[in-house]
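Please study the sequence and the model shown below before attempting the exercises. Each task is followed by a worked solution.

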Amino acid sequence: LVVVVLRAMMDAAADPDLAPSAKPLAASSFRHLALLWMSGADAPCHRRPRRDERFLRPSVFMRALAEGLGTDHAARHAAATDVLIAVLDLLPHAAAAEADEALGVRPGARAAQLLDALADYLARCCLSQAWRDRVGGCRALALVVSSRAVPRWWLTDRQVTIADALLHVSADAPQEVGVPVLREVGGALEELLVRVYGEEAAVA
């Protein structure tokens, strides 16, 4: 049910007539679910049986975002992009509040754990048999890599996982739709090299 509601939010955010009010609502809702995840609401000890009407797994926002990014519908893609950027921009502030320190995501912080969970989910999307899932995972990982809210140390630790996932998308891309996605994969890999190793790495 939650995924259905989140999909409806993304559809409304992509509607030109509804976007002015629907897009901020979607961004706030997805950020709230991310905060719930970081508070531990998604931990096994806190989960209720699925039949419980109060059941909510905050990590469902990852699925809804990947679905939105995997679509060919330009407005839905743009809405999902804006919402994921809003979620990523939240992370340094959440980490600072957790540690009562300056902005920044540090190892072991719940914000870093959310990034780990997000990367693992998106990597699984890239390995999916469904092409739309692969595209969504690829585009979402590209946004994660390019976000300045995501620290270099985390990208360094996860670079192999991210690169493997992106390369898998390009391994057997359908010929009729694969070329644009291959460009996105190449751009994401180049950005990953720059973020981890510096500008000279991309030139080399």
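The exercises below proceed from the whole chain to its helices and then to single residues. The model is a predicted one.

**Exercise 1. The chain as a whole**

Task: Determine how many helices and strands the protein chain has, and what share of its residues is buried.

Solution:
- Step 1. The secondary structure consists of nine helices and zero strands. Along the sequence, the pattern is accordingly written α-α-α-α-α-α-α-α-α.
- Step 2. The protein chain has 204 residues, of which 46% are buried.
- Step 3. Consider the contacts between residues at least 6 apart in sequence: 63% of them join residues at least 24 apart.

**Exercise 2. Length and buried side of helix 1**

Task: Compare the expected span of helix 1 with its end-to-end distance, and establish where its buried residues lie around the axis.

Solution:
- Step 1. Helix 1 covers residues 2-14, which is 13 residues, and at 1.5 Å a residue it should span 18 Å.
- Step 2. The C-alpha atoms at its ends are 19 Å apart, which agrees with the expectation.
- Step 3. The buried residues of helix 1 are Val3, Leu6, Met9, Met10, Ala13 and Ala14. Because their arc around the axis is only 135 degrees, they lie on the same side of helix 1.

**Exercise 3. The same analysis for helix 5**

Task: Examine the span of helix 5 and the arrangement of its buried residues.

Solution:
- Step 1. Helix 5 runs over residues 110-126 and has 17 residues. From its first C-alpha to its last it reaches 24 Å, close to the expected 24 Å.
- Step 2. Its buried residues are Ala111, Ala112, Leu114, Leu115, Leu118, Ala119, Leu122, Ala123, Cys125 and Cys126.
- Step 3. These residues cover an arc of only 170 degrees around the axis, so they are on the same side of helix 5.

**Exercise 4. An enclosed helix**

Task: Explain why helix 3 is described as largely enclosed by the rest of the structure.

Solution:
- Step 1. The buried residues of helix 3 are Val60, Phe61, Met62, Ala64, Leu65, Ala66, Gly68 and Leu69.
- Step 2. Eight of the ten residues of helix 3 (residues 60-69) are therefore buried, which means that the rest of the structure largely encloses this helix.

**Exercise 5. Packing of helix pairs**

Task: Describe how three pairs of helices pack: helix 6 with helix 7, helix 2 with helix 5, and helix 1 with helix 2.

Solution:
- Step 1. The description of two packed helices uses the angle between their axes and the distance between the axes.
- Step 2. For helix 6 (residues 131-146) and helix 7 (residues 152-171), the angle is about 150 degrees and the axes are 10 Å apart. Angles over 145 degrees count as roughly antiparallel, so helix 6 is roughly antiparallel to helix 7. Their crossing is left-handed. Among the residues making the contact are Trp131, Arg134 and Cys138 of helix 6 and Trp154, Leu155 and Ile162 of helix 7.
- Step 3. Helix 2 (residues 19-38) packs against helix 5 at about 110 degrees, with the axes 9 Å apart. The two are therefore roughly perpendicular to each other, and their crossing is right-handed. Ala34, Trp37 and Met38 of helix 2 meet Arg110, Ala111, Gln113, Leu114 and Ala117 of helix 5.
- Step 4. The axes of helix 1 and helix 2 cross at roughly 145 degrees and come within 8 Å. This crossing is left-handed. The contact includes Leu6, Met9 and Met10 of helix 1 and Ala22, Ala26 and Phe30 of helix 2.

**Exercise 6. Three single residues**

Task: State whether glycine 137, arginine 139 and leucine 189 are buried or exposed, and list their contacts beyond four places in sequence.

Solution:
- Step 1. A residue counts as buried under 20% relative accessible area.
- Step 2. Glycine 137, in helix 6, has a value of 0% and is therefore buried. Its contacts are Leu122, Cys125 and Cys126. Cysteine 125 is twelve residues from glycine 137 in sequence, and their C-alpha atoms are 5.0 Å apart.
- Step 3. Arginine 139 also belongs to helix 6 and is buried at 12%. It touches Leu69, Gly70, Thr71, His77 and Glu184.
- Step 4. Leucine 189 lies in helix 8 (residues 175-197) and is buried at 19%. Its contacts are Ala163, Leu166 and Leu167. Leucine 189 and alanine 142 are 47 residues apart in sequence, with 8.1 Å between their C-alpha atoms.

Note on methods:
Residues numbered from 1 in each chain as written. Predicted model: local features only at pLDDT ≥ 70, side-chain atom pairs only at ≥ 80, totals over all residues. Heavy atoms only, no water. Helix = DSSP H or I, 4+ residues; strand = E, 2+ residues; numbered from the N terminus. Expected span 1.5 Å × (residues − 1). Buried < 20%, exposed > 50% of the residue type's maximum accessible area, 1.4 Å probe, protein only. Arc of directions from axis to C-beta. Axes fitted to C-alpha atoms, helices over the stretch in contact; angles between N-to-C directions. Parallel < 35°, antiparallel > 145°, perpendicular 65-115°, else oblique. Left-handed = near helix turned anticlockwise from the far one by under 90°. Contact = heavy atoms within 4.5 Å.
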